[in-house]
Amino acid sequence: MIGKSLDVPVLMLQTEALSWRLAEHHFKSKEVSKHAKNLRAGYNGEKSLAFTLSFLPESSYIILHNLRIYDANGFFQIDTLILSPQFLLIVEVKNIAGTVIYDEFGQAIRVTKKGEEDNLGNHIEQVNLQHFRLLRWMREHDFSTIPIEKLIAYSNPNTIIKNLMNNTTVSDTVIHKESLLTKIDDYSSIDKFGCMSEQELQFLSAFLINAHTTNKVDILKKYQVESTDILRGVFCSGCGFLPMIRKNAKWVCHHCGATSRNAHLEALWHYSLLVGNTISNRQAREFLQVDGIQTARRLLVKEQFKQIGNTSGRRYILIF
Ligand SMILES: [Zn+2]
């Protein structure tokens with residue numbers, strides 16, 4: 001069963017919104033776009049892994065996606081944790097195109113089609129550290145001892161994985177997601193009886209979910225972008241032109257001629273991701289690039305955003 005489902009990562013949405021709203025020539029534009037693409041690829045990888053895991057028998061396993069747990073060293077994150085009576089399994093998901101070479105130390109190097117090399121870090125040490133921190137956390141909370149396995153699963157079947165020195169840790173740990181179910185079967189067959197009862201497992205799952213903390217990021221601060229650098233206005237959903245003009249209760253694109261009744265929604269969504277989830281009439285006029293107080297009010301009321309505060313200090317809560 002799924003104990004904690006795979007959510008759309010807010011950081012990915014924030015980074016994507018920022019990449020849309022930075023001018024091409026902005027000094028952070030390339031970096032933000034690259035990160036946005038990486039986060040989207042990572043999320044797609046996790047989605048495809050979640051699909052593979054949906055073939056596991058419901059009653060024998062509890063699957064927890066995207067855990068972020070606080071310990072003595074700050075937060076540690078686990079992409080996917082699988083709980084079974086016999087073992088726990090940490091799965092770190094990688095969605096990387098091209099060829100990935102592992103050296104004798106577990107260091108991963110990506111070779112692109114153009115022959116460029118990218119250092120991806122030491123994946124083996126990364127999962128070893130997650131293992132160590134999860135084990136320590138469980139001991140601190142008096143959970144029974146249970147074997148903790150770990151895997152690095154590549155979600156893109158076209159990725160070529162090379163184990164340069166035939167390192168057994170690499171061959172035991174790094175897999176394509178297609179081998180995941182076989183691996184899980186292997187771990188299950190080692191000990192038929194298990195270390196944890198179903199009740200203990202349910203308790204551990206609930207305890208982990210309770211300890212999970214979402215990561216709230218001030219995305220502008222993260223990239224040292226000034227709020228004045230964010231592009232204002234409503235994007236045309238037809239051609240991407242900025243800004244559409246408000247005319248006769250519609251949004252009109254002067255580039256492709258498209259019209260829209262609700263193109264402001266995407267802009268307000270971007271505002272909530274980049275700036276904050278409440279907006280005043282003045283801020284809405286400035287961000288949507290409309291002149292009239294009544295026009296902005298009508299748009300905010302039409303979308304039924306909850307209102308807080310009185311006339312002059314009224315704010316609208318942007319929930320999508
Ligand atoms: Zn257009």
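**Figure 1. Ile82 and its neighbours in the predicted model.** Start with Ile82, which touches Tyr61, Ile63, Leu88, Leu89, Val91 and Ile184, leaving aside residues up to four places away in sequence. Keep in mind that everything here comes from a predicted model. Ile82 also belongs to the largest nonpolar core, a set of 34 residues. Along with Leu81, Leu83, Leu89, Ile90, Val91 and Ala153, Ile82 touches the most other members of that core. The biggest contributor is strand β4 (residues 88-94), which puts in five residues. There's a second core too, separate from this one, with 21 residues, among them Met244, Ile279, Leu300 and Leu318. As a bit of background, nonpolar side chains in soluble globular proteins tend to be buried together.

**Figure 2. The whole chain, for orientation.** Before zooming in again, here's the overall picture: 10 helices and 16 strands. The C-alpha trace spans about 70 × 50 × 35 Å along its principal axes. Of the chain's 320 residues, 28% count as buried. If you take contacts between residues at least 6 apart in sequence, 59% of them join residues at least 24 apart.

**Figure 3. A six-stranded open sheet.** Reading across the sheet, the strands come in the order β1-β2-β3-β4-β8-β10, with mixed pairing. At the edges sit β1 (2-4) and β10 (174-176), each pairing on one side only. From one strand to the next, the twist averages 35 degrees.

**Figure 4. Strand β2 and its two partners.** Strand β2 (residues 62-71) pairs with β1 in the parallel sense, over two bridges. With β3, strand β2 pairs in the antiparallel sense, this time over nine bridges. Those two strands, β2 and β3, make a hairpin with two residues between them. Leu64 in β2 is a handy landmark: Lys4 stands opposite Leu64, and Leu81 is the bridge partner of Leu64 in β3. Leu81 turns up again among the residues that touch the most other members of the largest nonpolar core.

**Figure 5. Two helices packed on the sheet.** To set the scene again, the sheet order is β1-β2-β3-β4-β8-β10. The β1 end of the sheet pairs with β2 in the parallel sense. Helix α3 (residues 123-140) packs on the sheet and touches β2, β3 (74-83), β4 and β8 (148-154). The direction of α3 makes about 145 degrees with that of β8. Helix α6 (residues 198-211) packs on the sheet as well, touching β1, β2 and β3. The direction of α6 makes about 50 degrees with that of β2.

**Figure 6. Helix α8 and what covers it.** In α8 (residues 264-274), the buried residues are His264, Ala267, Leu268, His270, Tyr271 and Leu273. Their cover includes α1 (10-20), β12 (250-252), β14 (278-280), α9 (281-288) and α10 (293-302). For anyone following the helix by eye, an α-helix has 3.6 residues a turn, so residues three or four places apart point the same way.

**Figure 7. Where α1 meets α8.** These two helices pack at an angle of about 115 degrees, with their axes 9 Å apart. Their crossing is left-handed. On the α1 side you'll find Leu13, Gln14, Ala17, Leu18 and Trp20, which meet His270, Leu273 and Leu274 in α8. By type, the contact residues split into six nonpolar, two polar and no charged. Two of the α8 residues here, His270 and Leu273, are also in the list of buried ones.

Notes. Residues numbered from 1 in each chain as written. Predicted model: local features only at pLDDT ≥ 70, side-chain atom pairs only at ≥ 80, totals over all residues. Core = buried A, V, L, I, M, F, W, Y, C linked by C-beta atoms within 7 Å. Buried ≥ 20, exposed ≤ 12 C-beta atoms within 10 Å, placed from the backbone. Helix = DSSP H or I, 4+ residues; strand = E, 2+ residues; numbered from the N terminus. Contact = placed C-beta atoms within 7 Å. Pairing = 2+ DSSP bridges. Axes fitted to C-alpha atoms, helices over the stretch in contact; angles between N-to-C directions. Left-handed = near helix turned anticlockwise from the far one by under 90°. Nonpolar A, V, L, I, M, F, W, Y, C, P; charged D, E, K, R; others polar.
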